[in-house]
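Take a look at the model below. This report covers its ligand site and one pair of helices.

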Amino acid sequence: MKIAESTLSIDGVRQMAEFYGAQKWLARARDLQPNDSEFLIELAGRACYKSFGVGLNPNVTKVRDNPQDYLTNILEKGDGSVLEHATVTFAFLNVSRIFTHELARHRAGTAISQESLRFVRPREIGVWTPTDIKSVSKEFEEAIDEIVKLYRNLESRFDWEKMTFEQKKRMTSALRRILPDGIGTNVIWTANHRTLRWVIEMRTHPSAEVEIRKVFDKVAEICIRDYPMLYADFTRKELPDGTSQYIPKFSKV
Ligand SMILES: Cc1cc2nc3c(=O)[nH]c(=O)nc-3n(C[C@H](O)[C@H](O)[C@H](O)COP(=O)(O)OP(=O)(O)OC[C@H]3O[C@@H](n4cnc5c(N)ncnc54)[C@H](O)[C@@H]3O)c2cc1C
């Protein structure tokens, strides 16, 4: 789920527009572009060439007034750095460590806060059963139950009430080594729109792992819904397993 996004400080934007002599542009632009994140990206882009209107930069003889045209031109030219100004934060809850390991490979433009399995001793050990192994799902679930039983047995051998927090932490970390990669965990992930476009493209590709494809199918839906101009060039292709691949016209801006 989406839990946060970039928003404008309207007073600051007004002061900036005054500094640039762009008050007329601001009066028109806000009606054409009510979305804060998309507006911020446009604002940052226009600041580069003072392209808030003809005459502010003597070298500029025409400007793209329409925000969709402006943003599409940014994507087409590959000027993706301005997309880094706006970010979105997601809470990915009850995802596996397989998912979080793959997510963490995307380094550029991200921030990650993942639940610690050194500090947090799991009360629930839940594992999602992928539909790919439906034919052996009973055996799969039995294998998980067995691991949980072995874990709880080891856990019960220690007198947790008498331990210091440091001792608990060390023991919790030691014990987690027998837990499966599929254990449900939580991660908060922030990414800017340049990164989001790239990760959606890579992680909804049919060759990506099924769980991350499912999650980024949802991430793509949210981005296309909430930032329609920034993601207008993405097309959706339904995959045989019911997930979707999202393919941008302008890849890796
Ligand atoms: C289908 C699939 C299969 C995969 N299989 C494997 C596998 O078997 N083994 C494995 O180890 N990984 C695997 N990966 C992970 C993959 O190799 C990448 O590490 C991961 O997708 C992150 O993408 P990225 O390299 O584009 O980095 P990101 O961090 O997403 O960065 C985005 C872009 O920024 C630029 N960039 C980022 N950091 C640097 C840097 N330090 N120097 C220069 N440019 C930089 C690059 O252009 C990069 O593409 C797989 C990924 C997918 C999607």
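## Ligand contacts

An oxygen atom of the ligand lies 2.5 Å from a polar backbone atom of R107. This is a predicted model: local features need pLDDT of at least 70, side-chain atom pairs count only at pLDDT 80 or more, and totals for chains, interfaces and linings use all residues. Residues are numbered from 1 along each chain as its sequence is written, and side-chain values use heavy atoms, without hydrogens and water.

The table lists ligand oxygen distances; a polar contact is a pair of N or O atoms within 3.5 Å.

| Residue | Partner atom | Distance |
|---|---|---|
| R105 | side-chain N or O | 2.8 Å |
| R107 | polar backbone atom | 2.5 Å |
| A108 | polar backbone atom | 3.2 Å |

Taken alone, the ligand exposes 940 Å², and the protein buries 48% of that. These areas come from the Shrake-Rupley method with a 1.4 Å probe.

## Helix pair

Helices are DSSP runs (H or I, at least four residues), numbered from the N terminus. The axes of helix 1 (residues 10-20) and helix 2 (residues 23-32) come within 8 Å and cross at roughly 140 degrees. Axes are lines fitted to C-alpha atoms over the stretch in contact, and angles run from 0 to 180 degrees between N-to-C directions. Helix 1 is therefore oblique to helix 2. Oblique means not under 35, not over 145 and not 65 to 115 degrees.

Notes. Polar contact = N/O pair within 3.5 Å; in protein donor to acceptor, adjacent residues only side chain to side chain. Helix = DSSP H or I, 4+ residues; strand = E, 2+ residues; numbered from the N terminus.
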